[in-house]
4 protein chains.
Amino acid sequence: MEILILVTGGTFDKEYNELTGELFFKDSHVSEMLKLGRNLVKTTVHTLMMKDSLNMTDADRRLISTFCAESKQEHIIITHGTDTMADTARYLSKEIPGKTIIITGAMVPYKFGSSDGFFNLGSAMAFVQTLPKGVYIAMNGKYFHAANVRKNKENGVFEEL
Amino acid sequence: MEILILVTGGTFDKEYNELTGELFFKDSHVSEMLKLGRNLVKTTVHTLMMKDSLNMTDADRRLISTFCAESKQEHIIITHGTDTMADTARYLSKEIPGKTIIITGAMVPYKFGSSDGFFNLGSAMAFVQTLPKGVYIAMNGKYFHAANVRKNKENGVFEEL
Amino acid sequence: MEILILVTGGTFDKEYNELTGELFFKDSHVSEMLKLGRNLVKTTVHTLMMKDSLNMTDADRRLISTFCAESKQEHIIITHGTDTMADTARYLSKEIPGKTIIITGAMVPYKFGSSDGFFNLGSAMAFVQTLPKGVYIAMNGKYFHAANVRKNKENGVFEEL
Amino acid sequence: MEILILVTGGTFDKEYNELTGELFFKDSHVSEMLKLGRNLVKTTVHTLMMKDSLNMTDADRRLISTFCAESKQEHIIITHGTDTMADTARYLSKEIPGKTIIITGAMVPYKFGSSDGFFNLGSAMAFVQTLPKGVYIAMNGKYFHAANVRKNKENGVFEEL
């Protein structure tokens, strides 16, 4: 089994610009995290885009969907901003019936030293190997079916509908 | 579903004694790690012992087994030193038929800032929710059946027999 | 010799709000940093304000000046945002003739795990014990006299006029 | 002013061997720390040896002394294990009269994420620029004259004789 990790941006990969004091995207940290986690599952990391998920358009979702459909791998992890993660999950669940896709992200950037992203990546790596075909969100140690999840904006937590 | 995390020691929880320069056990960091990972799966953490797994005796394994058998939870994660992790896995697989038990650990202490333990804990949390009844080792993003795993002492990596 | 550390805010103490994705002030991390550094110099930490230095007003500078003048300590470290740090240094150098005052800060928040603030705090602690009376800025391992320093906004570095 | 940083080993630079569980020396982290601290003082780092200071011999101290005497720089920081740091300080204070030498170290390895070494390096960088000629130990934010310092082995703290 080979895993494709598709990077699309989100808090996961944000960095701090020390001249402006703002957060921005540079490179993805996913490969560094896999190395730190001593991951030995065969994995290919591909950066498709680096976007704040609030700025993600329908065209972006089509691009993600097409990439997932055309990839040779049947087990895919997508890193994604949390704000519209549930929208992308629902979109993909209609378009990609025959693969196991786990969408994950973080509330705190990995580079800020206290990130939940590292824990989430570990659980996404396990869920993608064990869950049946379908599209899921993996956050906070839990997994949710694409059709049955939303982000609670008040406390930043994913929950069933 | 409620998860029991049973702490038994291992590199996972070692700390640095700044007066002697040696590694030692104080308290487990598992609860702190779950908080950092924003874990929301219902979880009980219990410290059963704090042992280097090279020092783990048959009596220790009986104690772990008895605790697993008598616990009300059917989904159990055990944190454990890597050196004899495969021995404990085999022992438990004979004694505890009806539960999903995931044994995990780390090559580097969590407190040393570059630990694989945080990633492993994330994957163990996912495997324990999704794998069928049985005893498994979860390391390096992978899982192994208790009957079919050993630690390769030369490179520190778990592999199938 | 007792050192007063006067906290006024700045990047040094900023944290990440995981619900809004913005940076904000909560509590100062200076005491935690002194503990991590195993500091044994007798030190009192006082949080006077928590401000982005771009928002610092003349009234704020008067408040800082009055507090320094009235404090019993003759050796004072001030943590301060870098953008107007040179302005505050010049203001204090006119108002407070008889004390050694070291103003320091950071380009990256301490909580982001890659902060220059910890290094700067160590050097400020040394400079405040060894420099003659006067007001100085300590950044990047260097010290500058209040009358002869500016922040180069293009590269984020302090330099002599 | 150019600073020479002479690396001799000590806890400062120890790393964790994940196969044996023991601490060992690989490369010095001083250059990485200077970069992290955004140090801009002109500095040359030279690794002379990588030794646990309990294993440091008279021949090693002669080597350090010769290197300090023959270096073109008049301001020198030495990183050194804490156990025999006071011995080396006394030795150098007799041999090297005309330079400012600051010996510093750490109780916890830099790589273990909670190191006092980064704070000490910041203070050493300041002390070396401001103290008069002589040999000093800089630890815990303080500085001590070579003739008047010892390590209290019970609490790991440097103190005056």
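These exercises work through the contact between chains A and B in a predicted model.

**Exercise 1.** Find the operation that lays chain A on chain B.

*Solution.* Two copies of a chain are related by a rotation about an axis and a shift along it. Start with the rotation: the turn is 180°. Next take the shift along the axis, which is 0.0 Å. Check the fit: the RMSD is 0.0 Å. The relation is therefore that of a two-fold axis. The same surface serves both copies, since 100% of the contact residues of chain A recur in chain B.

**Exercise 2.** Describe the extent and character of the interface between chain A and chain B.

*Solution.* Count residues, taking contact as heavy atoms within 4.5 Å. On this count, 28 residues of chain A touch 28 residues of chain B. Then turn to area. The two chains bury about 2,400 Å² between them. Carbon and sulfur atoms carry 70% of it. In chain A, the residues that lose the most area to chain B are Arg38(A), Leu40(A) and Phe119(A). Together they make up 28% of what that side buries. Last, look for salt bridges between chain A and chain B: the count is zero.

**Exercise 3.** Characterise the packing of helix H4 of chain A against helix H4 of chain B.

*Solution.* Two packed helices are described by the angle between their axes and the distance between the axes. H4 spans residues 117-130 in chain A and in chain B. The axes come within 7 Å and cross at roughly 35°. The crossing of H4(A) and H4(B) is right-handed. Now list partners: Phe118(A), Leu121(A), Gly122(A) and Met125(A) are among the residues of H4(A) that meet H4(B). Sort the contact by class: twelve residues are nonpolar, eight polar and none charged.

Note on methods:
Residues are numbered from 1 along each chain as its sequence is written. Chains are lettered from A and ligands numbered from 1 in the order in which they are written. This is a predicted model: local features need pLDDT of at least 70, side-chain atom pairs count only at pLDDT 80 or more; totals for chains, interfaces and linings use all residues. Side-chain values use heavy atoms; hydrogens and water are left out. Axes are lines fitted to C-alpha atoms, for helices over the stretch in contact, and angles run from 0 to 180 degrees between N-to-C directions. Helices (H or I, at least four residues) and strands (E, at least two) are DSSP runs, numbered from the N terminus. A crossing is left-handed if the near helix is turned anticlockwise from the far one by less than a right angle, and right-handed if clockwise. Ala, Val, Leu, Ile, Met, Phe, Trp, Tyr, Cys and Pro count as nonpolar, Asp, Glu, Lys and Arg as charged, and the others, Gly among them, as polar. Copies are superposed by least squares on the C-alpha atoms of residues with pLDDT of at least 70 in both. Buried area is the accessible area (1.4 Å probe) that two parts lose on being put together, summed over both. A salt bridge is a side-chain nitrogen of Lys or Arg within 4 Å of a carboxyl oxygen of Asp or Glu.
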